[in-house]
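Me: I'm new to this one and I'd like a close look at a single part of it. Could you take your time and walk me through it?

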Amino acid sequence: MKLRNVSIACAFALAVPLAATADNDNVDIGKLFTGKDRVQQNELYELSLQELRLAGMRMFTNPFTKADGFGDGNDNPPTGSQGQRGTLQGNGTFQRIGGLDAQTCLECHSIISRRTVPMTFGIGGVGGVNNTVLGAGGNTFVDLNLQGRSNLSTTGVTLSQANIDGRVINPPFIFGAGGIELLANEMTDELQTIVKAAKDKDGTYPLIAKGVSFGSITSTDGVIDATNAEGTANLNPAHDDFLVVQPFGRKGNEKSTRTFDIGALSFHFGMGVATSREDEAIVFDSYGERIEITETDHDNDGVHNEVTQGELSALSVFVATAQTPFAKEADSTALHGRQIMQDIGCTECHVPSMNTNGKNLGLRFPEIANNPSANIHTSVDLTGAPMNFAENDNGGITIELFADLKRHYMGPSLAEFDGDAMFTTMRLWGVADTAPYLHDGRALTITDAIVEHGADASSEANGAVTAFSSMNARDKNAVLAFLDTLRSPDGTFDDLQDLAKNLGENKHGHR
Ligand code: HEC
Ligand code: HEC
């Protein structure tokens, strides 16, 4: 990949928007990343970390067009038989429910702080209410019939209900994702070591990773019974991702930025990655070795190889090297609030900080779910800029996430359309800046968020939340004062934007 070529070709194309140029006859407005300058997986080692991040930023921020393969195909992972995803009024570009809901990642991940006036915008942030994703369950109905005032009750207006049989999810930020992925990898390693021990020798084994309990397993004649295991998306001992810690997605259902990104590209834009996951395992031959990647047109739109494995790697490097949320200094009120959170049990799920043993995140392809050390193509030192995680005494990093990377049952009122109420503990770092809250953005304030995720007696958070609700105003405010110290990073990806500017990338844009 030659970064410079893209910028020159792009500036030229904008001067003469619709004309094909001899220099690069594929370039057009909004199509900045394709043409001759594609990142291939086997070129990764030629690129510096900064070049990879820049290529990843392009994937994250450039609007995809039909010439790139935008549209169609919402399978995750993409399979061979997709195509003809419907679009609203047949306009060819937009569906909204069930994906095809944006042209670029940045449209939904762009608010760093909602508490400044005006809001602070930047790359990688959260989305507002308008960016809430709708889809994709059965996609058989959208029912707005229960709107209106028919639901007046004696206590006032009750909530009217408009239904969609699909998920409703508000975008979180990507900040700190590299540290989270490393932490999850090490937790997975710890759990897999216990699984292996259980297979070798019968007995009951507590499942503890980084001090967090995932229940226990029992083995008899080498066969594992996982009835008492909890907290990961897959609890079936027969599956490869049994007890794999998956920190991403509000349901804790994706193990890495890479896996997440495959789904995001496909769901939001219909951009398919150049090979199916099954193929990857066969053709990949460890980093730097020969790779044969099948070019595919998974959504039958005539565009082959919409996203290369190299571009996907660059995108996951970009996401994993996002800036880290930080904590402002806590005054005595805030420190009191932090103590209260511990006393009433908030920190059993919102674990203030965890330590890793290593500081290098290995990004991998192909990914083997239960072996995070396999097939590492790029290593990133997370103590380096711009992540700047603090190094701990083990030579690892300290991650002040306020979460346990574990899934919990949150009760029927927080459940999704299909009754599923399992959610991963939301990390509270950055929480002061990131309203709206909870998985579907229903809570517009932090207080609402706290109260609503423990409202049902059956919610695992009920005890802590009931204790919070019964506190006096001073103590409640102390908790809020503490949460107010947890902030999003400033100036996200400034370094890359400067780099892009220096490469002439933004010549055509505003000054
Ligand atoms: C239409 C809005 C929208 C677009 C476009 C979008 N996202 Fe997201 N993003 C979301 C939502 C909603 C979630 C939460 C999903 C879930 O909980 O399953 C999310 C979650 C994520 C996460 C996981 C964060 C975490 O901590 O769990 C990553 C990483 C991510 N997105 C990356 C991307 C990338 C890369 C792109 C572009 C290829 C992208 N997103 C495009 C809405 C969007
Ligand atoms: C049993 C585990 C558990 C306990 C205990 C718990 N929480 Fe949570 N918390 C969660 C989960 C899971 C979510 C995400 C729910 C969702 O996605 O809808 C969450 C979400 C939140 C959010 C919203 C964050 C966001 O960005 O959307 C806040 C704020 C919060 N918790 C604060 C607290 C406080 C304060 C307490 C103590 C009174 C507490 N929690 C107790 C599991 C817990």
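Which helices each supply at least two residues of the shell around ligand 2? Once that's clear, please show me how that part sits in the rest of the chain.

Reply: Happy to. Keep in mind that this is a predicted model. The helices you're after are helix 8 (346–349), helix 9 (446–452) and helix 10 (462–469), each of which gives at least two residues to the shell around ligand 2. In total, 30 residues surround that ligand, and the closest are C346, C349, Y437, H439 and E460. Look at the two cysteines in that list: C346 and C349 are among the closest residues, and helix 8 runs over 346–349. Sorted by class, the shell has 20 nonpolar residues, seven polar ones and three charged ones.

Now for the other ligand. Ligand 1 is surrounded by 28 residues, with A102, C105, C108, G249 and R250 as the closest. Here the elements that give two or more residues are helix 4 (257–269) and helix 6 (309–320). Helix 4 has the largest share of this shell, at six residues. The class split around ligand 1 is 16 nonpolar, seven polar and five charged.

One residue to find on this side is L106, which lies in the loop between helix 2 (49–61) and strand 1 (111–113). Is L106 buried, partly exposed or exposed? There are 18 other C-beta atoms within 10 Å of L106, so L106 counts as partly exposed. Leaving out residues up to four places away in sequence, L106 touches F60, T61 and I123. You can also check L106 against M57: they are 49 residues apart along the chain, yet their C-alpha atoms are separated by 9.7 Å.

M57 and F60 turn up again if you go to F318. Not counting residues up to four places away in sequence, F318 touches R53, G56, M57, M59 and F60. F318 also belongs to the largest nonpolar core, which has 102 residues; L183, L191, L243, A314, F318 and L428 are the ones that touch the most other members. The biggest contribution to this core comes from helix 3 (residues 177–200), with nine residues. As a general point, nonpolar side chains in soluble globular proteins tend to be buried together.

Helix 3 also holds D189. With 16 other C-beta atoms within 10 Å, D189 is partly exposed. A209 lies 20 residues from D189 along the chain, and their C-alpha atoms are 8.6 Å apart.

Let's go back towards ligand 2 and look at a pair of helices. The axes of helix 7 (residues 332–343) and helix 11 (residues 473–483) come within 7 Å and cross at roughly 100 degrees. The two helices are therefore roughly perpendicular to each other. On helix 7, the contact is made by T333, A334, H336, G337, R338, I340 and M341, and on helix 11 by D475, A478, V479, L480, A481 and F482. By class, that contact has eight nonpolar, three polar and two charged residues.

Finally, here's the whole chain for context. There are twelve helices and 20 strands, and 43% of the 511 residues are buried. Among contacts with a separation of 6 or more, 67% are between residues 24 or more positions apart. The pair L106 and M57, 49 residues apart along the chain, is a handy place to start if you want to trace how distant stretches of sequence come together.

Methods:
Residues are numbered from 1 along each chain as its sequence is written. Chains are lettered from A and ligands numbered from 1 in the order in which they are written. This is a predicted model: local features need pLDDT of at least 70, side-chain atom pairs count only at pLDDT 80 or more; totals for chains, interfaces and linings use all residues. A residue is near a molecule or strand if its C-beta atom, placed from the backbone, lies within 6 Å of it. Helices (H or I, at least four residues) and strands (E, at least two) are DSSP runs, numbered from the N terminus. Ala, Val, Leu, Ile, Met, Phe, Trp, Tyr, Cys and Pro count as nonpolar, Asp, Glu, Lys and Arg as charged, and the others, Gly among them, as polar. Axes are lines fitted to C-alpha atoms, for helices over the stretch in contact, and angles run from 0 to 180 degrees between N-to-C directions. Angles under 35 degrees count as roughly parallel, over 145 as roughly antiparallel, 65 to 115 as roughly perpendicular and the rest as oblique. Two residues are in contact if their C-beta atoms, placed from the backbone, lie within 7 Å. A nonpolar core is a set of buried Ala, Val, Leu, Ile, Met, Phe, Trp, Tyr and Cys residues joined through C-beta atoms within 7 Å. A residue is buried if 20 or more other C-beta atoms lie within 10 Å of its own, exposed if 12 or fewer, and partly exposed in between; C-beta atoms are placed from the backbone.
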